[in-house]
Amino acid sequence: MSGHIATSGSLCWNTPENILEVVRWAVGGQIGLDPCSNPQSTVDARVSYTLPEKDGLVESWTRSGTGSIYCNPPFGKT
């Protein structure tokens, strides 16, 4: 967003459910892989990579065999 100033200290900002509904519809149901998940995620992908156990920047996205991939990466000032 133009001019947006982030004020949260959290890096776990989740995608709003109304957007996820459209994404799920577009991929034909359940999202296959969420490579940048977090414990509070509502993506509900078949496979999720969550730090520190699984790093979505290191793990294979193609060998997961999941088909569709949805990524809402963590972001912030840190």
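The legends below accompany an overview and several close-up views of a predicted model.

**Figure 1. Overview of the predicted chain, which has 1 helix and 2 strands.**
Followed along the sequence, these elements come in the pattern α-β-β. Of the 78 residues in the chain, 27% are buried. The chain exposes about 5,500 Å², and carbon and sulfur atoms supply 58% of this area. When contacts between residues at least 6 apart in sequence are considered, 47% of them join residues that are at least 24 apart.

**Figure 2. Close-up of helix 1, residues 17-26, with its buried and exposed residues.**
Leu20, Val23 and Arg24 are the buried residues shown in helix 1. Seen down the helix axis, the buried residues fall within an arc of 100 degrees, so they line one face of helix 1. Asn18, Val22, Trp25 and Ala26 are exposed, and these residues lie on the other side of the helix. The view also takes in Gly28, which follows just after helix 1 and has a positive phi of about 85 degrees.

**Figure 3. Close-up of Asn38, in the loop between strand 1 and strand 2.**
The loop that holds Asn38 runs between strand 1, residues 33-37, and strand 2, residues 47-50. Asn38 has a relative accessible area of 11%, and because the cut-off for a buried residue is under 20%, Asn38 counts as buried. Its side chain takes part in a polar contact of 2.8 Å with the side chain of Asn14. The side chain of Asn38 also reaches the backbone nitrogen of Gln40, at 2.8 Å.

**Figure 4. Close-up of Asp44, a residue with a positive phi in the loop between strand 1 and strand 2.**
Most residues other than glycine have a negative phi. In Asp44, by contrast, phi is near 60 degrees, a positive value although the residue is not a glycine. The relative accessibility of Asp44 is 57%, so this residue counts as exposed, whereas Asn38, placed in the loop between strand 1 and strand 2, is buried.

**Figure 5. Close-up of the cysteine pair Cys36 and Cys71, which does not form a disulfide.**
The structure holds 0 disulfides. The closest cysteine sulfur to that of Cys36 is in Cys71, at 3.5 Å, and this is too far for a bond because a disulfide is counted only when the two sulfur atoms are within 2.5 Å. Cys71 is likewise in no disulfide, and its nearest cysteine sulfur is that of Cys36. As for the surroundings of the two residues, Cys36 counts as buried at 17% relative accessibility, while Cys71 is partly exposed, with a relative accessible area of 33%.

**Figure 6. Close-up of Lys54 and Pro52, in the segment after strand 2.**
Lys54 is partly exposed, with a relative accessible area of 38%. Leaving aside residues up to four places away in sequence, Lys54 touches Tyr49 and Glu59. Lys54 and Cys36 are 18 residues apart in sequence, and their C-alpha atoms are 9.1 Å apart in space. Most peptide bonds are trans. The bond that joins Leu51 and Pro52 is instead a cis peptide bond, with omega about 0 degrees.

Methods. Residues are numbered from 1 along each chain as its sequence is written. This is a predicted model: local features need pLDDT of at least 70, side-chain atom pairs count only at pLDDT 80 or more; totals for chains, interfaces and linings use all residues. Side-chain values use heavy atoms; hydrogens and water are left out. Helices (H or I, at least four residues) and strands (E, at least two) are DSSP runs, numbered from the N terminus. Buried means under 20% relative accessible area, exposed over 50%, partly exposed in between (1.4 Å probe, protein chains only). A polar contact is a pair of N or O atoms within 3.5 Å; within protein, one must be able to donate a hydrogen and the other to accept it, and residues adjacent in sequence count only if both atoms are side-chain atoms. The arc is that of the directions from the helix axis to the C-beta atoms. Contact means heavy atoms within 4.5 Å. Accessible areas come from the Shrake-Rupley method with a 1.4 Å probe; for residues, only the protein chains shown count as cover.
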